[in-house]
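Me: I'd like a close look at a single part of this one. Could you take me through it slowly?

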Amino acid sequence: MAHHKSVFTDVDVRSHENNLAHRTREIDRERLIVRRGQPFSITLQCSGPLPAKHYLELKLRLGKKDEVVITVQNERGAGDKWWFNQQEAQGEIVLTLHSPADAIIGHYHLAVLLLAHDRHTVERIDKVTFHMLFNPWCKDDVVYLPDESLLQEYIMNEDGVIYQGAWDYIRSIPWNYGQFEDFVMDICFEVLDNSNNALKNSVMDMEHRFDPVYVSRIIAAMVNSNGDRGVLAGRWSEPYADGVPPYHWTGSVKILRQWSKAGFRAVKYGQCWVFAAVACTVMRCLGIPSRVITNFDSAHDVDGNLSMDIMLNDRLEPAETKDSKWNFHCWIESWMKRDDLSKGCDGWQVLDPTPQERSEGEFRCGPCPVTAIKEGKLDLKYDAPFVFAEVNADIVYWVVQRDGQRRKIKEDQKSVGKNISTKSPYGNYREDVTSHYKYPEGSREEREVYGKAGHRVTGAVEENREPGKLQLSIKHAKPVFGTDFDVIVEVKNTGSKEAHAQLTMVATAVTYNSIHRGECQRESINVTVQAHKVHKQVLRLHYDHYVKCVSEHHVIRVKALLDVLGENEPIMNVVNIPLSKPELLVEVPGMAVLWEKVTAHVSFTNPLPVPLKGGVFTVEGAGLLPATEIPVIGDVAPGQKVSVKFSFSPMRAGVRKLMVDFDSDRLKDVKGVGTVVVRKKYTRPFYENLIMY
């Protein structure tokens, strides 16, 4: 019997052409990375034509233990199966593989077998591997999004803006999602591989990875480390000494790499916007359109009664209460069809990776259709009642007296869920998406939704109560952290008799999620207000006082309580005053060219009346440079300008963002961003060298 001479001499996965066509070239140029529902081609080099009556068979294996094995059909079947076709020419065979639009995402191994007519294997090539991602460009994929400009933002954009602060003082921080940076895609699959589901039953887990509802639910659980090998540990109060303070991060890449490198031990520390941003990176990388959402005055309703009960003691200090109102809270929305739910649930889905409550045993929330929240359909999975409360709960303030009796002092149906915000896909500005979550306050539809949601509607009675003779308001400018500033409490008497009352004003430091950090100032005085007149009381807040207790979020909460003689209902008002921080100036003069050194300048002025010690700048940017620390030499005096220069060599062309963070002993979380346009090297076309005589 003649010895079989090998037919296959080499194989080319054509990663340059395929990755370009599949929009994965930013991830890698050498490895083959494709999106499902879209064909791709590989080339087999052959020593000669295939022997007569021999044919090819293709087999796919998925998972570390070959959890899933697929035989690729060699003719076009129904659209829901893998199939391939082949073309022979010039000693090559071009194999075009067609994947179904609901293929499992993951790392595939492809074996090409040469079979004789009696089906025995003559030869095999086993070394081809590729990664498969979701495909929002493919109309049969459940993550299909039919708008190219939205895909450029929600899949391809590696730079983001996250909104923070308070509903009436919204500030933004830049964020580097970096979903196409080196190793990030591999780490995203490690996130899936380390979930409790995957560790318990890897076959079942792998078989479910075609479904973005399943995958996104795993990611929401895995971004936080509560109860699993998740990426980030949460912490909501200092000290952060054994890790990185949440406000210090400027991007997701360092967090993901650190988690992977440490053998899947949680990175310290995250708070809501860090959890949301990391989840957004993972989802965009895997091919599910996603964006970070900020809800201002977000309710955390623990007992699920759609009402937030906030208890205060007789000194207006928070008494034990599980419910809380956060100045802001971040989650993500991801775009997908919900084939598991009734009609009308497709589109944006809320996913919240911040550990708050358990959902089917794991700390996660969602995916929950945004339309379900707007229509008050709270039986739709997943976790609709929790999300509904975050944007719609009523707030009731109670004073718990010394004898244990509770007095209701304020009910508020309008203040939760304001200015729900995300970065616009068309630039670095804010898009308000509140109307996706709720009908306008007080509209007929909104009241109907409340009724449907099983909400106790007390509104009718409250509205018709005659307005009190005294009205209370709190006014303030936009103060800068480091200055002394005034808060003005106004008591207006609309009645025809003079009124006597006791006015208590308390300024406390709080974190963004309403953890009480101590009292800065308190004043209690008796006031007399003439009929039809306004009494103004000034509370002066000194830097020396508030700096002792202010949290890293720089928020001062002022409460004013008016106890009116002869009336049993006190009047209360609350405002949150965010203290603004200086702007960081980021400049990149000169032209930026791929792989050539460019220098950047960063500067700002110390606004505090005291020197800053231990100053450190952290700089990073997708395609520009990994997170790098630059210490400031010596102290920065009050009013002094501090500036640093640094150089880097851009690694990827295009419009890039350079993120900068500054931290020191007394001033933290100062952020800035600069734009760098990286050009490819200019080479003269060769015909310019042909001199014409």
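Is Cys-330 buried or exposed? And while you're there, take me along helix α6 too.

Reply: Keep in mind that this is a predicted model. Cys-330 is buried, with a relative accessible area of 0%. The structure holds 0 disulfides, and for Cys-330 the nearest cysteine sulfur belongs to Cys-272, 4.2 Å away. With a disulfide needing sulfur atoms within 2.5 Å, that pair doesn't make the cut. Cys-365 isn't in a disulfide either: its nearest cysteine sulfur, on Cys-368, sits 6.9 Å off. Cys-365 is buried as well, at a relative accessible area of 5%.

Now for α6, which runs over residues 212-223. At its start, a side-chain oxygen of Asp-211 comes to within 2.9 Å of the backbone nitrogen of Val-213. At 1.5 Å a residue, its 12 residues should span 16 Å, and the end C-alpha atoms are indeed 16 Å apart, so the two agree. Of those 12 residues, 12 are buried, so the rest of the structure largely encloses the helix. The buried set includes Ser-216 and Arg-217 along with Ile-218 and Ile-219.

Ile-219 is a good place to zoom in. Setting aside neighbours within four places in sequence, Ile-219 touches Leu-192, Ala-279, Val-282, Met-283 and Leu-286. In the largest nonpolar core, which has 108 residues, Ile-219 and Leu-286 are among those with the most contacts inside it, as are Trp-175 and Trp-273. Helix α8 (residues 272-286) supplies the largest share of this core, 13 residues. Apart from it lies another core, of 60 residues, including Val-529 and Phe-604.

Technical notes: Residues are numbered from 1 along each chain as its sequence is written. This is a predicted model: local features need pLDDT of at least 70, side-chain atom pairs count only at pLDDT 80 or more; totals for chains, interfaces and linings use all residues. Side-chain values use heavy atoms; hydrogens and water are left out. A nonpolar core is a set of buried Ala, Val, Leu, Ile, Met, Phe, Trp, Tyr and Cys residues joined through side-chain atoms within 4.5 Å. Buried means under 20% relative accessible area, exposed over 50%, partly exposed in between (1.4 Å probe, protein chains only). Helices (H or I, at least four residues) and strands (E, at least two) are DSSP runs, numbered from the N terminus. Contact means heavy atoms within 4.5 Å. The expected span of a helix is 1.5 Å times one less than its number of residues. A polar contact is a pair of N or O atoms within 3.5 Å; within protein, one must be able to donate a hydrogen and the other to accept it, and residues adjacent in sequence count only if both atoms are side-chain atoms.
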